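Please open the structure in a viewer and follow the stops below in order. Each stop names what to select and then describes what is found there.

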Amino acid sequence: MSSRRLPKVAGIQPPVSPNSPAAAGPSGSAESPSAPASSPATPSPASPVAPPAAAPGPAVPAPAAVPAAARATVGGAGSGAPPDACAPAESLPADRDRICDLSALLDLTTRLLRTDCLGSALRETLRAGAALLGASRGMVVLAPGTRPTARPGLTPERTIGLGLERADLGELETVPCPTAGSEPAPAAGPGVACPDIAADRQLTPHHRQVAARLGYAATYAVPLRTESGTRLGDAVWLYDDPQEPTARQRELLGGYLRHATEHCARLGELARTRAESAVLGEELLPATLPRLPGVTLAVRHRTTPAGGGDWYDALPLPDRAVGLAVGSVTGGGPAAVAAMGRLRASLRAYAVMEGEDPVAVLSDLELLLRLTEPAASATALFAYAEPATRKILLAGAGHCAPLIVGPRRVEPVETAVSAPLGMLACWEAPSAEVVLAEGETLLCYTDGLLHRTGQSMDRAFARLRSAAAGAPRATRQDPEALVDHVLRTVLPEPLADLPDHPEDVVVLAARF
């Protein structure tokens with residue numbers, strides 16, 4: 001019975017493992033195909049092993065010519081398997097180093113792509129650069145206008161550090177960036193190394209003093225530019241000892257930054273779009289609340305980075321009445337903000353014409369929404385209040401019931417359950433009438449206040465009611481203090497400022 005022969009590749013006879021069936025004789029002992037049957041299977045350590053007969057084709061290097069490290073990599077430690085005959089022995093360590101470099105870049109790039117905001121992406125870029133360069137600390141100085149402010153009135157963060165305190169960043173900002181005079185490049189350009197700051201007499205004395213005070217001896221700076229030439233800023237890494245990165249480290253960092261700058265640029269553009277949408281939404285809402293006799297008003301509005309569709313309003317009406325409104329357009333982004341602006345402006349017109357009938361106001365608003373925004377829906381609450389008598393007539397369309405907060409009671413207003421605007425062919429629900437006692441406050445809010453708690457609506461409403469009931473007496477008498485107390489209690493940190501939560505929050509208080 002003939003034994004199975006292994007195939008030949010490119011005229012090379014493949015080596016036969018001593019344990020393979022092709023090398024086993026009738027008695028199961030290992031034999032060389034070209035050796036006589038009487039030859040021993042395993043030679044003694046003292047006698048050399050005769051190589052097998054060479055097959056026709058190119059010569060195969062002997063196993064002894066392959067470095068031990070390469071044999072361990074290819075065949076495993078102690079396996080005795082020969083290396084690949086098609087690859088030169090001296091190229092195996094270089095290939096192994098290249099594979100290690102690519103694996104490291106893949107891991108660092110994967111971590112970078114998990115970031116979802118510009119600040120976290122820049123911090124991850126600093127951390128990855130420090131790992132690739134062997135540096136201990138670093139910082140990114142953003143170009144003007146790169147980082148938008150998320151809230152009006154706040155100064156955007158210009159520098160982001162790794163292993164540096166805020167005071168350290170302030171001192172480093174007084175030192176000129178080494179890449180300030182570098183020529184523009186289509187991508188993350190070559191870095192500028194300062195291997196020994198103390199010995200470099202071309203640097204200013206102030207630069208050397210800052211370095212000595214902060215304890216760094218060398219720097220490596222790289223300009224951050226995208227493929228299109230957009231300049232994001234500059235990244236600088238700090239060494240504790242005099243040194244500079246090797247050519248291999250610079251190549252790895254350049255490959256990483258080609259992806260990092262594009263990712264940071266996309267996140268920066270997204271942040272700017274969100275900030276502009278949030279500012280637009282704020283501009284569509286009342287800048288100030290009216291001052292009316294017999295009633296004190298306070299409001300808090302927290303929007304999302306993408307821009308939400310929640311709104312509020314308080315407007316004087318004929319006969320010294322006041323109209324209070326809160327609402328929310330489903331969805332988010334610029335489309336929801338635009339729809340919110342149109343609905344709020346329309347509700348103001350309907351309130352002036354027939355504000356004493358809240359059901360008619362919401363019915364007109366629902367008809368307008370169905371005709372002009374057929375794909376949108378919204379919740380709304382409108383209240384017609386007479387401060388002189390403290391009588392309030394209100395109607396809601398799929399909106400949360402407001403709370404009455406006073407010295408002797410904290411209870412919701414019993415409104416009829418109804419669908420949101422735009423959900424039915426014709427909306428209509430009965431109104432509710434309530435008379436407040438002197439010193440009581442009507443607390444209106446949007447459902448984002450409840451949704452941000454992460455609890456069910458019933459549990460979240462119980463939490464809101466408990467927060468209002470637990471407010472001190474002096475807090476209940478001041479609407480400004482009351483809305484702040486409710487927000488702090490219902491949405492404690494970090495629930496109060498969830499950056500990516502899709503729900504806006506509006507809290508409107510009217511004390512009679």
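In what order do the five strands of the open sheet stand? In this predicted model, the order is β7-β8-β9-β10-β13, and the pairing is antiparallel. Select the edges next: β7 (308-317) and β13 (432-435) each have a single partner strand, so one side of each is left without a neighbour in the sheet. On average, neighbouring strands of this sheet are turned by 15° against each other, direction ignored.

Within this sheet, select β9 (residues 378-386) together with β10 (residues 391-397). The two strands run antiparallel and are joined by seven bridges. One position to display is Ala385, whose bridge partner in β10 is Ile392.

Now add the helices. Helix α7 (residues 334-354) packs on the sheet and touches β7, β8 (321-332) and β9; the direction of α7 makes about 20° with that of β7. Helix α8 (residues 358-372) lies across β9 and β10 and runs at about 25° to β10.

Proceed to strand β5 (residues 231-239). Eight of its nine residues are buried, so β5 is largely enclosed by the rest of the structure.

Which strands should be selected alongside β5? Strand β1 (residues 137-142) runs antiparallel to β5 and is joined to it by six bridges; here Val141 has Asp234 of β5 as its bridge partner. Strand β4 (residues 218-225) also pairs with β5 in the antiparallel sense, over eight bridges, and Tyr220 is partnered by Trp237 in β5.

Finish at the turn of the hairpin that β4 and β5 form, with five residues between them. Select Gly229 in this turn, which has a positive phi of about 95°.

Key: Residues numbered from 1 in each chain as written. Predicted model: local features only at pLDDT ≥ 70, side-chain atom pairs only at ≥ 80, totals over all residues. Heavy atoms only, no water. Pairing = 2+ DSSP bridges. Helix = DSSP H or I, 4+ residues; strand = E, 2+ residues; numbered from the N terminus. Axes fitted to C-alpha atoms, helices over the stretch in contact; angles between N-to-C directions. Contact = heavy atoms within 4.5 Å. Buried < 20%, exposed > 50% of the residue type's maximum accessible area, 1.4 Å probe, protein only.
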